2 protein chains.
Amino acid sequence: MRKNRRSFLKKLVAGTTAAGFLPFAKNASAAEVKLKGALVHHVFFWLKEPNNEGHLKQLVKALNDLLKVETIKMSHIGFPAGTESRDVVDHSYSVSYMVMFDNQAGQDAYQVHPLHVKFVKENSYLWERVVVYDSVDQ
Amino acid sequence: MRKNRRSFLKKLVAGTTAAGFLPFAKNASAAEVKLKGALVHHVFFWLKEPNNEGHLKQLVKALNDLLKVETIKMSHIGFPAGTESRDVVDHSYSVSYMVMFDNQAGQDAYQVHPLHVKFVKENSYLWERVVVYDSVDQ
């Protein structure tokens, strides 16, 4: 069971057919791909100078470079969407950085990886606040 | 260009080979799947009674039911990981609910979908706080 859960991301990224890992019929109206056995590491950055385009570009480039860490299996780098303003929606951050690992070991290795250490050292002066959410399914 | 970006998730979930959408060689050490053209909608729930297992189960079941909304293309429902306690890491929430849409229209349709309206109506008494982050790549 554990092996099946953990192998989802690995098999997906190896280029095999994704359909084999869908937990429901292809024509079902349920969410098409339900990720299992993943550790989702989602980081939100608030820049010290949110209107400084040079700072924004530097951070985005550095985050893209950081994706070279081998234990990252899936990623999305984004910005606040133009979705409806509601009390519960936080549109105030500058950059969203979401990466997925197969498991906690992947995240632990990432934290101490030379590329991550370098990223923090070279770019932390850019932001005034960072919030990290690590989530695992069970 | 826009068409290519938006079709990533659609093609992936259709069960076609994922490798065709990887923006780099299969043996590269870069992140294996870099999602493009996705709107990531990440919601964190803080329960009024975080130790009430009945409440937690009810919320998780309701969130799973909510995945039937057709515009959801990828999802992950999780809980705080046992990752290192650092100042920047928020482990205080009860449930993490991440869904991805192809675009903002998918998210807009989701907000007013009867299943979503029903979900909020029937379960909002469970939580004391919700934070939503909507992110798009550009």
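In chain A, 73% of the contacts between residues at least 6 apart in sequence join residues at least 24 apart. Keep in mind that this is a predicted model. Chain A runs to 138 residues, and 52% of them count as buried. Two residues make handy landmarks here: His42(A), found in strand S2, and Ser135(A), which sits in strand S5.

**The overall layout**

- Chain A is built from four helices and five strands.
- Start at the N terminus and you'll meet the elements in the order α-β-β-α-β-β-α-α-β.
- Chain A exposes about 6500 Å², and carbon and sulfur atoms supply 53% of that area.

**How far to trust it**

- The mean pLDDT of chain A is 82, with 77% of its residues at 70 or more.
- Go carefully with residues 1-8 of chain A, where the pLDDT is below 50; in the model this stretch has 11 contacts beyond near neighbours in sequence.
- Residues 13-30 of chain A also have a pLDDT below 50, and that stretch has 39 contacts beyond near neighbours in sequence.
- For the model, the scores are ipTM 0.81 and pTM 0.82.

**Strand S2 and its partners**

- S2 of chain A covers residues 39-47, and nine of its nine residues are buried.
- Leu39(A), His41(A), Val43(A), Phe45(A) and Leu47(A) point one way from S2(A), while Val40(A), His42(A), Phe44(A) and Trp46(A) point the other way; all are buried.
- S2(A) pairs with S4(A) in the antiparallel sense, over seven bridges.
- Two of the matched pairs are easy to look up: Leu39(A) has Phe101(A) as its bridge partner in S4(A), and His42(A) has Met98(A).
- S2(A) also pairs with S5(A), again in the antiparallel sense, this time over nine bridges.
- In that pairing, His41(A) stands opposite Asp134(A) of S5(A).

**Strand S4, tucked inside**

- Seven of the seven residues of S4 in chain A (residues 95-101) are buried, so this strand is largely enclosed by the rest of the structure.
- Val95(A), Tyr97(A), Val99(A) and Phe101(A) point one way from S4(A), and Ser96(A), Met98(A) and Met100(A) point the other way, with all of them buried.
- Besides S2(A), S4(A) pairs with S3, residues 74-80 of chain A, in the antiparallel sense over five bridges.
- Look for Met74(A), which stands opposite Met100(A) in S4(A).

**His42(A), a link to chain B**

- His42(A) is buried, with a relative accessible area of 0%.
- The side chain of His42(A) makes a polar contact with the side chain of His42(B), at 2.7 Å.
- Setting aside neighbours within four places in sequence, His42(A) touches Ser96(A), Tyr97(A), Met98(A), Val131(A), Val132(A), Tyr133(A), Val40(B) and His42(B).
- His42(A) and Ser135(A) are 93 residues apart along the chain, yet 8.4 Å separates their C-alpha atoms.

**Ser135(A), another link to chain B**

- Ser135(A) lies in S5, which spans residues 127-136 of chain A, and is buried with a relative accessible area of 0%.
- The side chains of Ser135(A) and Tyr93(B) are joined by a polar contact of 2.7 Å.
- Beyond neighbours within four places in sequence, the contacts of Ser135(A) in chain A are with Ala38(A), Leu39(A) and Val40(A).
- On the chain B side, the contacts of Ser135(A) include Phe44(B), His76(B), Gly78(B), Phe79(B), Ala81(B), Tyr93(B) and Ser96(B).

**Helix H4 and its two sides**

- H4 of chain A takes in residues 114-123, and its buried residues are His116(A), Phe119(A) and Asn123(A).
- Seen down the axis of H4(A), those buried residues fall within an arc of 60°, so they line one face of the helix.
- The spacing makes sense: an α-helix has 3.6 residues a turn, so residues three or four places apart point the same way.
- What do the buried residues of H4(A) pack against? They pack against S2, helix H2 (53-66), helix H3 (104-111) and S5 of chain A.
- On the other side of H4(A), Pro114(A) and Lys121(A) are exposed.

Methods: Residues numbered from 1 in each chain as written. Chains lettered and ligands numbered in written order. Predicted model: local features only at pLDDT ≥ 70, side-chain atom pairs only at ≥ 80, totals over all residues. Heavy atoms only, no water. Buried < 20%, exposed > 50% of the residue type's maximum accessible area, 1.4 Å probe, protein only. Contact = heavy atoms within 4.5 Å. Areas by Shrake-Rupley, 256 points an atom, 1.4 Å probe, with all protein chains shown as cover. Polar contact = N/O pair within 3.5 Å; in protein donor to acceptor, adjacent residues only side chain to side chain. pLDDT = per-residue confidence, 0-100. Pairing = 2+ DSSP bridges. Arc of directions from axis to C-beta.
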